[in-house]
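Work through the exercises below with the structure open. Each one gives a task, then a solution in steps.

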Amino acid sequence: PAMRFTIALPPGMTRVGAPEISPDGRWIAIPAMGLLGQGTQLLAIWLRAVDGDTFRPIAGTELALAAFWSPDSRDLAFPRDSALFRIPVAGGTPVRIAQIATAGGGVRGAWRTDGTILVSSAGHIQRVPASGGTLTAVTSGESAANYGGYSYPSWLPGDRFLFSDVSMSPIAPNGGGLYMQALTGGTPVRLLPERPLAR
């Protein structure tokens with residue numbers, strides 16, 4: 001069944017990234033600027049139980065502007081300092097997964113149960129093991145990286161995934177839209193919109 005609810009941020013907290021609900025439906029993670037004791041501000045990923053009302057910062061995620069969950073809801077992946085990290089939400093030390101070409105809130109990712117992560121980097125969707133390694137591009141072609149490129153990957157059943165072309169550039173006149181592609185490559189299938197976006 002559909003659920004609708006409002007996430008009320010406490011006084012002094014400003015959201016800087018998209019809220020992410022854990023796969024088990026128990027937790028909300030939000031990259032935000034929040035207040036610690038004595039009025040100290042902290043930019044980090046803040047965690048709250050869905051049925052709770054108190055946010056707490058996850059130590060080790062300072063300066064993170066985006067995040068996405070592991071399939072078992074135990075870890076979060078986040079970009080910082082031109083690298084992708086993972087950290088247990090229960091507490092621990094961040095572990096570097098890979099170097100990425102795009103830092104900050106523009107990085108989006110998706111983590112599959114077999115440990116494969118898709119992440120937007122350098123205008124393309126790339127893959128890397130959650131245990132760490134080197135990024136490998138799974139999309140190709142002209143993505144207009146300087147104008148947005150490919151982002152927002154999301155896993156489908158099997159080896160297929162969705163991604164958005166967020167290019168807004170004269171060199172990518174057919175940019176924009178939602179695509180589906182196999183992890184093994186091939187030509188992406190354009191799902192939406194049926195016609196190029198108006199410029």
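## Exercise 1: A surface patch

Task: find the nonpolar patch on the surface formed by Met3, Phe5 and Ile21, and place Ile21 within it.

Solution.
- Step 1. Met3, Phe5 and Ile21 together expose about 330 Å² of accessible area, as a nonpolar surface patch. The model is predicted.
- Step 2. Locate Ile21: strand β2, residues 20–21, contains it.
- Step 3. Classify Ile21. Its relative accessibility is 42%. Partly exposed covers the range between 20% and 50%. Ile21 therefore counts as partly exposed.

## Exercise 2: Confidence

Task: decide which parts of the predicted model carry the highest and lowest mean pLDDT among its elements.

Solution.
- Step 1. Start with the whole protein. The average pLDDT is 86, and 86% of the residues score at least 70.
- Step 2. Rank the elements. Strand β6 (residues 68–69) has the highest mean, 98. β17 has the lowest, 85.
- Step 3. Check residues 143–147. There pLDDT stays under 50. The model still has 17 contacts for this stretch beyond four places in sequence.

## Exercise 3: Overall make-up

Task: how many helices and strands are there in the protein? Add burial, surface and contact range.

Solution.
- Step 1. Count the elements: 0 helices and 17 strands.
- Step 2. Take burial. Of the 199 residues, 43% are buried.
- Step 3. Take the surface. The accessible area is about 10300 Å², and carbon and sulfur atoms account for 54% of it.
- Step 4. Take contacts between residues at least 6 apart in sequence. Of these, 30% join residues at least 24 apart.

## Exercise 4: An open sheet

Task: trace the strand order of the open sheet of 4 strands.

Solution.
- Step 1. Read the order: β10-β11-β12-β13, with antiparallel pairing.
- Step 2. Mark the edges. β10 (109–111) and β13 (136–137) each pair on one side only.
- Step 3. Turn to β11 (residues 116–121) and β12 (residues 124–129). They run antiparallel and are joined by 6 bridges.
- Step 4. Fix the register. Opposite Thr116 stands Pro129 in β12.

## Exercise 5: A hairpin

Task: which residue in β17 is the bridge partner of Leu178? Describe the pairing as well.

Solution.
- Step 1. Set the limits. Strand β16 spans residues 177–182 and strand β17 spans residues 185–192.
- Step 2. Count the bridges: 4 join these antiparallel strands.
- Step 3. Name the connection. A hairpin through 2 residues links β16 to β17.
- Step 4. Give the partner: Leu178 bridges to Leu192 in β17.
- Step 5. Weigh the confidence. β17 has the lowest mean pLDDT among the elements, 85.

How values were computed. Residues numbered from 1 in each chain as written. Predicted model: local features only at pLDDT ≥ 70, side-chain atom pairs only at ≥ 80, totals over all residues. Heavy atoms only, no water. Pairing = 2+ DSSP bridges. Patch = residues over 30% accessible without salt bridge, like charges linked within 9 Å, V, L, I, M, F, W, Y side chains within 5 Å. Areas by Shrake-Rupley, 256 points an atom, 1.4 Å probe, with all protein chains shown as cover. Salt bridge = Lys/Arg side-chain N within 4 Å of Asp/Glu carboxyl O. Buried < 20%, exposed > 50% of the residue type's maximum accessible area, 1.4 Å probe, protein only. pLDDT = per-residue confidence, 0-100. Contact = heavy atoms within 4.5 Å.
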